[in-house]
Amino acid sequence: MRIVLGVSGGIAAYKAVLLLRLLREAGHAVRVIPTQAALRFVGAPTWEALSGEPVSTEVFDDVEHVQHVALGQSADLVIVAPATADLLARAASGRADDLLTSTLLAAHGPVVMAPAMHTEMWEHAATRANVATLRARGVHVIEPASGRLTGKDSGAGRLPDPEDIAREALAVLAASRSPQDLAGRRVVVSAGGTREPLDPVRWIGNRSTGRQGVALAEAARARGAQVTLVAANLEGVGADAVADVLVRVESTAELREAVRSAALDADVVVMAAAVADFRPAARTEAKIKKVPGQGPAPIELVENPDVLAELVRDRLRPGQVVVGFAAETGDAAGSVLDHGRAKAVRKGADLLAVNAVGAGRGFGTPDNEVWVLDATGEQVAHASGTKRQVADGLWDAVVKALG
Ligand code: CTP
């Protein structure tokens, strides 16, 4: 995608350098438009070298290309970070006195602004009014972070971390290119793998990374849904910013509680988590010790509740679409799809996404493939590609099931 990164003149301009790198690493072409004041903080050569594109600040540069409208028209997304109080004021009043503000007026795609300024300026009635005006016009204004400001003081007005700005801005970009067919819907997605504790330091777990579940949450949000992500032991997969509500859980018991309480007012529940079928019968308060000369103590297991089967049985909300996942390897008794069909009928979920695991497929891999079956075992969809593409394929099937 083609992104314009506007940088206005605040000390936080240095953080926009990292933002530029992140956007480039995510595969986007980025054109940086600093204001004159921004160039006093970070110079044009830095922007040019890291973006690989020319940098200008004025409408009178490169006039033959009619840049002041062309850059905005052709951008899939415009981000302004940092957006100073002055930039917000100029944008809110529709000024076109430099290349950045002209570009904002000509922008066809979504606009994201990440303000940064001192707390007094952020809280001033003039700035509040400018932000309200911009938001009313559809500009996505990111709330500034709180913390240490330029001087010795601290408070609201800090530029959020570049990773957070990139994530939020790219979510806005994704939403602008996604059908809004889940708008107004509440969805619950469970993701990750449960851990069943043995003692304070040990647990029985599985290899699920939760990436498919996170992609499902992200895709649902891009399509307009309000998303609750029940995250079982998700580490390093950026779960924080993909959902409206994030509930972190460890064991099946905790996951069950969180899913059921969120499911009470959900239109869709997707059980993408790898939930342990069994748990140790007892969890000791103290660490289990190795006794020299004695062999290992056997671990007695008891069955966990089947959260998915309970959701199907209890139907916590009328009309709710319940979606299960089935990770299958296939064996002498049948193929991946044979096992999937049998499980679809057994579990009775409205939809069951069957995916093949093992031999480099499924867990921990970037790509995935699923066959979506209905409660009778009939195939209703097939999706493959990145986990995000698979997620969108599954949501297409869910939207049909919602009717
Ligand atoms: N699941 C659940 N609660 C459990 C176990 C599984 O909610 N205690 C859900 C998973 O989140 C997934 C689906 O059930 O959506 C399939 O789980 P899976 O373990 O593959 O199915 P099983 O019925 O346990 O079949 P098997 O282990 O024989 O493959």
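Ala286 is exposed in this predicted model, because its relative accessible area of 53% clears the 50% cut-off. Looking for it in the fold? Ala286 belongs to the loop that links strand S14 (278–280) with strand S15 (301–303). Its C-alpha lies 9.1 Å from that of Val201, although 85 residues separate the two along the chain.

Ile204 is a different case: with 33% relative accessibility, this residue counts as partly exposed, because the value falls between the 20% and 50% limits. Strand S10 (residues 202–204) is where Ile204 is found. On the surface, Ile204 joins Phe278, Ile299 and Leu301 in a nonpolar patch, and together they offer about 350 Å² of accessible area.

Here are the two accessibility values next to each other:

| Residue | Relative accessible area | Class |
|---|---|---|
| Ala286 | 53% | exposed |
| Ile204 | 33% | partly exposed |

Now for the sheet. Five strands make up an open, parallel sheet, and their order is S2-S1-S3-S4-S5. Strand S2 (29–34) and strand S5 (140–141) sit at the edges, each pairing on one side only. Further in, strand S3 (residues 77–83) runs parallel to strand S4 (residues 111–115), and 4 bridges join them. Ile79, for instance, has Val112 in S4 as its bridge partner. As a rule, strands of a sheet pair through backbone hydrogen bonds, in parallel or antiparallel fashion.

And the rings? Searching the whole structure for aromatic pairs turns up 0. There is a charge over a ring, though: the charged end of Arg128 sits over Trp122, 4.5 Å from the ring centre.

Methods. Residues numbered from 1 in each chain as written. Predicted model: local features only at pLDDT ≥ 70, side-chain atom pairs only at ≥ 80, totals over all residues. Heavy atoms only, no water. Phe/Tyr/Trp six-rings, centres within 6.5 Å; stacked < 30°, edge-to-face > 60°. Lys NZ or Arg CZ within 6 Å of the ring centre and 35° of its normal. Patch = residues over 30% accessible without salt bridge, like charges linked within 9 Å, V, L, I, M, F, W, Y side chains within 5 Å. Areas by Shrake-Rupley, 256 points an atom, 1.4 Å probe, with all protein chains shown as cover. Salt bridge = Lys/Arg side-chain N within 4 Å of Asp/Glu carboxyl O. Helix = DSSP H or I, 4+ residues; strand = E, 2+ residues; numbered from the N terminus. Buried < 20%, exposed > 50% of the residue type's maximum accessible area, 1.4 Å probe, protein only. Pairing = 2+ DSSP bridges.
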